[in-house]
Amino acid sequence: MQCKEVEVVLEQEGWTPLPEAARDHLAECRNCQNLVEDLTAIVATAHLLPAEVEPPARIWVSLRSQLEHEGIIKSPVGAQNSWWHNFSDLFRSRVLASSVVGAMIVAAVGLQIQHPAPATEARNVYDDTATVLNADEANLDQMQLGSSVVDVSLRQNLDIVDKFITDCETRVKEEPGDDLAREYLTGAYQQKAELLSAMMERGGSVN
Amino acid sequence: MNAQTIGRSILPLLGAGVFLWTAAPSAGATQHFEKHFPVKGHPVVCIHNIGNGRIEVKSTKGSEVIVAGTQASSKVSLETENAGDRIDVSANIVDITAQPSETEVNFQLSVPEETELELKTQTGLIYVEQVIGDMTLQSVAGDVHLKEVSGYIVVRTTHGSLVCAQCAGKLDFNSVSGSAQLLQPGLTSVNLFTTSGNILFDGDFIRTGIYTMRSGKGTVEVHFSGNDSFDLNAQTMSGTVDNQAEAYLKPDSHGMKHMASKFTKGLFGTVGSGLAKVELSSYSGTIRILKRD
């Protein structure tokens, strides 16, 4: 069994016991071991997130479409529930769409790092993440954000994160192989997604 | 299970009380509240303070949860839900014209020693003392102070800092500009990440423990004891590594061969037998390693 086939098995079967061939491959393939470790960590982290309001259905459609477009997941075959359905169920009750999209793309970035890819391809994934988050940040302008201590703190910290992201992006563009810079960039994107989510929650919906 | 059966199962639980505290004589007067909830096992207490204010939790030997405190005005309402051993309290703003000072609600909780907590506030301090149980604590600008707590502790802040004294169990802290201080911890798993705050770890590394401490722009400082046993990996992208404990660090003689990245500077080493794993990193801040006297 090859790496791609293991990915398909994981995608379609989820955490059910893996076929022997997949287990044999996993035992020897560091890349696939990393993939499984990442997925396990993401699911474990998702279980820790507090349950909040349910995002609209259109978000799942666009998120799925984005991930399919990037080749990270494939359309399910037949009526069998894929791991993706279980995975999305975990997030079904989460907060605003922007943060979910942001966090998922960040997760995709993490997976991308584990599967060595050409530097330009990895950069594109970061570009997508930055685009989504920047679009959400632009939406803040349409909201009536308050001037309380909390609102000011959120804005100041968004500024801190934005500046840090700029530093990290510059570094990653200069040195695509710098794993530490990538790790910090991923963390900063996650924080930005959470900040935007909190700010939107306070400012109300733009729709 | 039909609707009737569901109703029979759930209604007695909820019958204990979804209700609203509405005793609010005047908009501007500070008022005191206190509510007692008898519990049987290990309760789960959730406080969601959408306004501002402090949340203080202390344990008692009793088998009841006491939610007491003050609210600044009647422009905030307190909603509670008590189903079995789960107690949810939310402070919600009912008047959108309310000023921040009018939305302040300060909570004082007494809980059994073994209690799970989920606390969320905006600007006030979260203080928890002598509670055993998993807890998730969230604040935007308020600090989080923990003393003698244990469990799986998750702390999320935007600007608030964490002080964790004599904590045990596992700790996961994430903040944008907040700092974290871990004093005399008995933690077996630590994961700290702050973009611009500082990190201080002053205590022993438990054998087999895993400790990850990362700060983007702040200082990461570790004070260890001479009896500790851990493998150390400290890396920074553009900051500095200030190793003041060179005499105690020897080359890692077991496990994986560490290869220094050409993009970072730092050190690998072992103290004692290397039983715990300590990973320190910074983007541009200083990493300082010291041995306690």
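A residue counts as buried when 20 or more other C-beta atoms lie within 10 Å of its own, and by that criterion helix 9 of chain A is mostly covered, with 20 of its 25 residues buried. The structure discussed here is a predicted model, scoring ipTM 0.83 and pTM 0.72. Chain A has nine helices and zero strands, whereas the secondary structure of chain B comes to one helix and 25 strands.

**Confidence**

- Chain B averages a pLDDT of 88, and 88% of its residues score at least 70; over residues 1-26 of chain B, however, the pLDDT is below 50, although this stretch has 19 contacts in the model beyond near neighbours in sequence.
- For chain A the mean pLDDT is 72, with 57% of the residues reaching 70 or more, and residues 77-95 of chain A form a stretch with pLDDT below 50 that nevertheless has 31 contacts in the model beyond near neighbours in sequence.
- Among the elements of chain A, the lowest mean pLDDT, 43, belongs to helix 5 (residues 83-91) and the highest, 93, to helix 8 (residues 149-174).
- Where pLDDT is low, the predicted coordinates should not be read in detail.

**Chain A and its helix 9**

- Read along the sequence, chain A follows the pattern α-α-α-α-α-α-α-α-α; buried residues make up 28% of its 207 residues, and of its contacts with a separation of 6 or more, 74% are accounted for by residues 24 or more positions apart.
- Helix 9 of chain A covers residues 179-203, and because 25 residues at 1.5 Å a residue should span 36 Å, the 36 Å between its end C-alpha atoms agrees with expectation.
- A:Ala181 is placed in helix 9 of chain A and is buried, because 24 other C-beta atoms lie within 10 Å, which exceeds the cut-off of 20.
- Leaving aside residues up to four places away in sequence, A:Ala181 touches A:Cys168, A:Arg171, A:Val172 and A:Glu175 in its own chain, and also B:Met237 in chain B.
- Between the C-alpha atoms of A:Ala181 and A:Asp167, which are 14 residues apart along the chain, the separation is 9.1 Å.

**Chain B: domains and burial**

- The domain assignment of chain B gives domain 1 (11-122) and domain 2 (143-293), and the C-alpha centres of these two domains lie 36 Å apart.
- Of the 293 residues in chain B, 43% are buried, and among contacts between residues at least 6 apart in sequence, 52% join residues at least 24 apart.

**Nonpolar cores**

- The largest nonpolar core has 59 residues, and those with the most contacts inside it are B:Val57, B:Val128, B:Ile153 and B:Met213; at least three residues of this core come from each of domain 1 and domain 2 of chain B.
- Not counting residues up to four places away in sequence, B:Met213 touches B:Val190, B:Leu192, B:Ile199, B:Phe201, B:Val220 and B:Leu280.
- Apart from the largest core lies another, of 30 residues, among them A:Val132, A:Val161, A:Leu195 and A:Ala198.

**The contact between the chains**

- At the interface, 23 residues of chain B are in contact with 22 residues of chain A, and the side of chain B that touches chain A has, by class, nine nonpolar, 13 polar and one charged residues.

Note on methods. Residues numbered from 1 in each chain as written. Chains lettered and ligands numbered in written order. Predicted model: local features only at pLDDT ≥ 70, side-chain atom pairs only at ≥ 80, totals over all residues. Contact = placed C-beta atoms within 7 Å. Nonpolar A, V, L, I, M, F, W, Y, C, P; charged D, E, K, R; others polar. Helix = DSSP H or I, 4+ residues; strand = E, 2+ residues; numbered from the N terminus. Buried ≥ 20, exposed ≤ 12 C-beta atoms within 10 Å, placed from the backbone. Core = buried A, V, L, I, M, F, W, Y, C linked by C-beta atoms within 7 Å. Domains from an automatic or database assignment. pLDDT = per-residue confidence, 0-100. Expected span 1.5 Å × (residues − 1).
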